[in-house]
Amino acid sequence: MKVLVTGGMGYIGSHTCVQMINAGIEPIIIDNLSNAKQEVLNRIEALTDKRPAFHLGDIRDEAFLDSIFTQHDISAVIHFAGLKSVGESVAKPLEYYDNNVNGSLVLARAMRKAGVKNLIFSSSATVYGDPEIVPITEDSPTGATTNPYGTSKHMVEQCLSDLFVADSEWSITLLRYFNPVGAHPSGTMGEDPQGIPNNLMPFIAQVAVGRREKLSVFGDDYPTPDGTGVRDYIHVMDLADGHLAALKSLQNKAGLHVYNLGTGNGSSVLEMVAAFGQASGKPVPYEVCERRPGDIAECWASTEKALRELGWKATRTIDEMTQDTWNWQLNNPQGY
């Protein structure tokens, strides 16, 4: 089976491609390399003995997408491509709506033209906004988002929901990720953000390896046990396996399906700092800064639905998340 993977050279996409190839599925990768490196292809090949097809291009380019669907007999699409920083989205809302919302609409149009109606969309727990109750279930209210990134994901969810209402032949799965961290256990693939990291774990790793002086902890006055934000951190390999489970399910049934992908447990920023210090054997220096706009106090998933319907659950621990991140950073101090 051939599956188009948009943003397949990125952090989550690349790890998912490795698991797909290992499962006998052929990924066709498209990526504009705005937040990824071509070296990723070599790493995927080294891990799987197969080099996936790669096309350099942008999901907003409809003619480019049409050519990909013409060249390959594609059965389904996993749509990772998008901008993903909460803080940056507050500063650059138009870029986020253009890339994430417009890009998804162009992709859906190209799929409709090609008669490909199986789609898995990378959504986000940010669609829930600042939750009144945790853990968050798939039925929790969405839409009261706190930043343009989350709003862009919610908009795409709404567009895809309306698409299914208009044409019930579609099989659309919305995967709401919580906080992906970790790296491939081989230490050859991991998260390699361009510039200053927006996410906690690569920032911690770059401090530990000596690339940055200290970690910025944004706020220690949240109503949480230690005052820092609490999140549901999930290992990227568990997340990749979640996509395989969704892909398997997608083939069996038309419909609109929604799943949280998390562990069901919350950890604070300072707990993650301590765990990383243990994994690396080095204390991670940090300073407390003001809260970032758009951030919330706490957020973790109810994972029962994914277990019940997809047979999937996250199994990797915080220790594995931090150890695998450290192995990746140690082996690749400057990234790819």
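Guide: Two strands are said to pair when DSSP finds at least two bridges between them. Keep that in mind as we look at this predicted model.

Visitor: Over how many bridges do E4 and E5 pair?

Guide: Pairing calls for at least two bridges. E4 and E5 meet that requirement, running in the parallel sense, and one residue of the pair is histidine 79, which stands opposite phenylalanine 121 in E5. The number of bridges between E4 and E5 is three.

Visitor: Which residue is the bridge partner of valine 5 in E4?

Guide: E4 also pairs with E1, again in the parallel sense, over four bridges. Within E4, the partner of valine 5 is isoleucine 78.

Visitor: Which residues of strand E4 are buried on the two sides?

Guide: In a regular strand, side chains alternate between the two faces of the sheet. Strand E4 covers residues 76–79, and both of its faces are covered. On one side the buried residues are Ala76 and Ile78, and on the other they are Val77 and His79.

Visitor: How many residues of strand E1 are buried?

Guide: Strand E1 runs over residues 2–6 and pairs with E2 in the parallel sense over five bridges. Valine 3 stands opposite proline 27 in E2. E1 is largely enclosed by the rest of the structure, because its buried residues number four of the five.

Visitor: What is the order of the open sheet of three strands?

Guide: The pairing in this sheet is mixed. Its edge strands, each pairing on one side only, are E12 (267–268) and E14 (298–299). Strand E9 (residues 230–231) runs parallel to E14, with two bridges joining them. The order is E12-E9-E14.

Visitor: Which residue in E14 stands opposite valine 230?

Guide: Strand E9 spans residues 230–231 and is joined to E14. Opposite valine 230 stands glutamate 298.

Visitor: What is the radius of gyration of the protein, and what would a compact globule have?

Guide: The protein holds 11 helices and 14 strands, and its C-alpha trace spans about 55 × 45 × 40 Å along the principal axes. With 336 residues, a compact globule would have a radius of gyration near 20 Å. The protein agrees with that, at 19 Å.

Visitor: What share of the residues of the protein count as buried?

Guide: To be buried, a residue needs under 20% relative accessible area. The accessible surface of the whole protein comes to about 13800 Å², of which 49% belongs to carbon and sulfur atoms. Of the 336 residues, the share that count as buried is 56%.

Visitor: What covers the buried residues of helix H7?

Guide: Helix H7 (residues 200–208) is largely enclosed by the rest of the structure, because nine of its nine residues are buried. Among them are Leu200, Phe203, Ile204 and Val207. The cover includes E7, E8, E10, H9 and H11.

Visitor: What value does the phi of glycine 210 take?

Guide: Glycine 210 comes just after H7. Its phi is positive, at about 95°.

Visitor: Is aspartate 49 buried or exposed?

Guide: Aspartate 49 lies in the loop between H2 and strand E3 (53–56). Its phi is near 65°, a positive value in a residue other than glycine, although most residues other than glycine have a negative phi. With a relative accessibility of 69%, aspartate 49 counts as exposed.

Visitor: What is the phi of leucine 33?

Guide: Leucine 33 sits in the loop between strand E2 (26–31) and helix H2 (39–48). Its relative accessible area is 22%, so leucine 33 is partly exposed. Although it is not a glycine, its phi is positive, at about 60°.

Visitor: Which residues does serine 302 touch, not counting residues up to four places away in sequence?

Guide: Serine 302 is found in the loop between E14 and helix H10 (304–310). Its relative accessible area is 11%, so serine 302 is buried. The residues it touches are Pro135, Ile136, Thr137, Glu138 and Asn260.

Visitor: Where does proline 135 lie?

Guide: The peptide bond from valine 134 to proline 135 is cis, with omega near 0°, whereas most peptide bonds are trans. Proline 135 lies in the loop between strand E5 (118–124) and helix H6 (148–166).

Terms used
Residues numbered from 1 in each chain as written. Predicted model: local features only at pLDDT ≥ 70, side-chain atom pairs only at ≥ 80, totals over all residues. Heavy atoms only, no water. Rg over C-alpha atoms; globule rule 2.2 N^0.38 Å. Buried < 20%, exposed > 50% of the residue type's maximum accessible area, 1.4 Å probe, protein only. Areas by Shrake-Rupley, 256 points an atom, 1.4 Å probe, with all protein chains shown as cover. Contact = heavy atoms within 4.5 Å.
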